[in-house]
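Here are a few short exercises to work through with the model open in your viewer. Try each task yourself before reading on to its solution.

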Amino acid sequence: MGIQLNGSSGADIISSSDGTITIDGTSTVSTPIVTNTITISDKISHTGDSNTHIRFAGDDTVTIETAGSEAIRVTSAQRVGIGIENPTVKLHVDGGTTSDATVVQIKNDSTSAYATNDGGLNTALSLYSDG
């Protein structure tokens, strides 16, 4: 068993003490197996997609960013925001501009049971049922 570093930048630092391995720099691990906790200071990013992240935006706050913008936020008050950075209720959905179509849709089949309008030409909420 061992640790192998590939590269010549000299910027990667690996240290170990008390059963803890610390990697400072950019490292790739093919199949990590972690039996306890991984500590990450800022974000998890997908290789080859530099503008999509799972980010730890602050104490007790997690965000998901897509296309370089925050898409979802879970706050320390257990509020979830979709399309909004400061949710004020348990589930806060910001549908964006009036050019966006349906904001929220709960569906079982194609029969509309309830729909409400956002004041413009768009559906703000639709509920669908099979009966």
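## Exercise 1: A contact between two side chains

The side chains of E65 and R55 are joined by a polar contact of 3.0 Å. The model is a predicted one, so please read every distance here as computed from it.

**Task.** Find where E65 sits and decide whether E65 is buried or exposed.

**Solution.**

Step 1. Locate the residue: E65 belongs to strand β5, which covers residues 61-66.

Step 2. Take the relative accessibility of E65, which is 12%. Buried means under 20%, so E65 counts as buried.

Step 3. List the surroundings. Leaving aside neighbours within four places in sequence, E65 is in contact with N51, T52, H53, R55, E70 and A71.

Step 4. Compare with T63, also found in strand β5. T63 has a relative accessibility of 1% and therefore counts as buried. Not counting residues up to four places away in sequence, T63 touches H53, I54, R55, A57, E70, I72 and R73.

## Exercise 2: Following the salt bridges

**Task.** Which residues are linked with R55 in a network of salt bridges?

**Solution.**

Step 1. Start from the total: the count of salt bridges comes to three.

Step 2. Take the pair of R55 and E65, whose side chains meet in a salt bridge at 3.0 Å, N to O. This pair links distant parts of the chain, with R55 in strand β4 and E65 in strand β5, ten residues apart.

Step 3. Look for another partner of R55. The side chains of D42 and R55 meet in a salt bridge at 2.9 Å, N to O. Here too distant parts of the chain are linked: D42 lies in the loop between β2 (20-24) and β3, R55 in strand β4, and they are 13 residues apart.

Step 4. Join the two pairs: D42, R55 and E65 form a network of salt bridges.

Step 5. Check the burial of the members. R55 has a relative accessible area of 19% and is buried, while D42, at 29% relative accessibility, counts as partly exposed.

Step 6. Add the pair of R73 and E70, whose side chains meet in a salt bridge at 2.8 Å, N to O. R73 is buried, with a relative accessible area of 16%, whereas E70 counts as partly exposed at 21% relative accessibility.

## Exercise 3: Placing the strands in their sheet

**Task.** In which order do the six strands of the open sheet run, and which strands stand at the edges?

**Solution.**

Step 1. Survey the chain: its secondary structure comes to zero helices and eleven strands.

Step 2. Read off the open sheet of six strands, with the order β3-β4-β5-β6-β7-β8 and mixed pairing.

Step 3. Find the ends. β3 (43-46) and β8 (91-93) stand at the edges, each with a single partner strand, so one side of each has no neighbour in the sheet.

Step 4. Consider the twist: neighbouring strands of this sheet are turned by 20 degrees against each other on average, direction ignored.

Step 5. Zoom in on one pair. Strand β4 (residues 49-58) and β5 pair in the antiparallel sense over four bridges. The bridge partner of G58 in β5 is T61.

## Exercise 4: The chain in totals

**Task.** How much of the chain is buried, and what supplies its exposed area?

**Solution.**

Step 1. Buried residues make up 9% of the 131 residues in the chain.

Step 2. The chain exposes about 10,200 Å², and carbon and sulfur atoms supply 50% of that area.

Step 3. Among contacts between residues at least 6 apart in sequence, 1% join residues at least 24 apart.

Technical notes:
Residues numbered from 1 in each chain as written. Predicted model: local features only at pLDDT ≥ 70, side-chain atom pairs only at ≥ 80, totals over all residues. Heavy atoms only, no water. Helix = DSSP H or I, 4+ residues; strand = E, 2+ residues; numbered from the N terminus. Buried < 20%, exposed > 50% of the residue type's maximum accessible area, 1.4 Å probe, protein only. Polar contact = N/O pair within 3.5 Å; in protein donor to acceptor, adjacent residues only side chain to side chain. Contact = heavy atoms within 4.5 Å. Pairing = 2+ DSSP bridges. Axes fitted to C-alpha atoms, helices over the stretch in contact; angles between N-to-C directions. Areas by Shrake-Rupley, 256 points an atom, 1.4 Å probe, with all protein chains shown as cover. Salt bridge = Lys/Arg side-chain N within 4 Å of Asp/Glu carboxyl O.
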